[in-house]
Amino acid sequence: MSRKKSKYKPKGVRLDAVTWVINGFKNISETGDAALHLKIKNHSSLEALRTGKADKDDIDNIIAALNVTEALSRINIGEDYAKEIRAGQDALFEIAKRGINRDNRFIAKGPELMAINTAYEVHDAQLEVCTIAQLEKALDIVNAEIKARKARVIK
């Protein structure tokens, strides 16, 4: 007879906890290349959507950016723009639903693209002021929402 496989997974050990804490206080904009690569990836996906060349990966990148935007607003970074963030997410949801029904051809209408652009502006401003620790917390919020099946499913 075999034993039931345990769900227990031990957490990783941080070898340099002090550096990890100190880095948590740094702004994302101070990380250099990492922040720049993130912005380039996000904006190239938005440009692909704008020009009608977006594929599923581009839509996934935009979804991830707007999810992080919402999570950062929940921890009081850009919370005044909750309506604009939600409007961008709703517009993206509609684009994604249409795109799935059109064999992954994602085409944005003008007002939808404007709503997503506004949400992206909020996202960029949030990344300028948030710390690494705050971004990690926002990512934890997003992952918890997905794990709890609270995220909208595009079908």
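Begin the tour at arginine 98 in this predicted model, where, leaving aside neighbours within four places in sequence, the residue is in contact with Ile107, Ala108, Lys109 and Glu112. With arginine 98 still selected, follow the backbone around it, and you will see that the residue lies in helix 4, which covers residues 82-101. Is arginine 98 buried or exposed? Its relative accessible area is 18%, and because buried means under 20%, arginine 98 counts as buried.

Next, select isoleucine 59 and display its surroundings. Not counting residues up to four places away in sequence, isoleucine 59 touches Leu49, Ala54, Leu92, Ala96 and Phe106.

Now widen the selection to the nonpolar interior. The largest nonpolar core has 18 residues, and those touching the most other members are Leu49, Ile59, Ile62, Ile116 and Tyr120. Which elements give two or more residues to this core? They are helix 2, helix 3, helix 4 and helix 5, the last of these spanning 110-129. Helix 5 provides the largest share of the core, with 5 residues. A second core, separate from this one, has 13 residues, and Ile28, Val68, Ile77 and Leu127 are among them.

To look at the helix packing, show helix 2 (residues 33-50) together with helix 3 (residues 56-74), whose axes come within 9 Å and cross at roughly 125 degrees. That angle makes helix 2 oblique to helix 3, and the crossing in which helix 2 passes helix 3 is left-handed. On the helix 2 side, the residues to colour are Lys41, Asn42, Ser45, Leu46, Ala48 and Leu49, while helix 3 makes the contact through Asp58, Ile59, Asn61, Ile62 and Ala65. Sorted by class, this contact between helix 2 and helix 3 contains 6 nonpolar, 3 polar and 2 charged residues.

Keep helix 3 in view and replace helix 2 with helix 5. The axes of helix 3 and helix 5 also come within 9 Å, and they cross at roughly 60 degrees, an angle that makes helix 3 oblique to helix 5. The crossing of these two helices is left-handed. Here helix 3 brings Ile62, Ala65, Leu66, Val68, Thr69, Leu72 and Ser73 to meet Ile116, Ala119, Tyr120, Val122, His123 and Gln126 of helix 5. The residues of this contact of helix 3 with helix 5 divide into 9 nonpolar, 4 polar and no charged.

From there, move to leucine 135, which lies in helix 6 and is buried, with a relative accessible area of 15%. Which residues does leucine 135 touch, not counting those up to four places away in sequence? They are Ile28, Val68, Leu72, Leu127 and Cys130. If you draw a distance between the C-alpha atoms of leucine 135 and isoleucine 28, the separation is 8.1 Å, although the two residues are 107 residues apart along the chain.

Two stops concerned with backbone geometry remain. Select asparagine 76 in the loop between helix 3 and helix 4; this residue is not a glycine, yet it has a positive phi of about 70 degrees. Asparagine 76 counts as exposed, at 56% relative accessibility. Finally, go to arginine 149 in the segment after helix 6, the helix that covers 132-147. Arginine 149 has a positive phi of about 60 degrees although it is not a glycine, and this arginine is exposed, with a relative accessible area of 75%.

Note on methods:
Residues numbered from 1 in each chain as written. Predicted model: local features only at pLDDT ≥ 70, side-chain atom pairs only at ≥ 80, totals over all residues. Heavy atoms only, no water. Axes fitted to C-alpha atoms, helices over the stretch in contact; angles between N-to-C directions. Helix = DSSP H or I, 4+ residues; strand = E, 2+ residues; numbered from the N terminus. Parallel < 35°, antiparallel > 145°, perpendicular 65-115°, else oblique. Left-handed = near helix turned anticlockwise from the far one by under 90°. Contact = heavy atoms within 4.5 Å. Nonpolar A, V, L, I, M, F, W, Y, C, P; charged D, E, K, R; others polar. Buried < 20%, exposed > 50% of the residue type's maximum accessible area, 1.4 Å probe, protein only. Core = buried A, V, L, I, M, F, W, Y, C linked by side-chain atoms within 4.5 Å.
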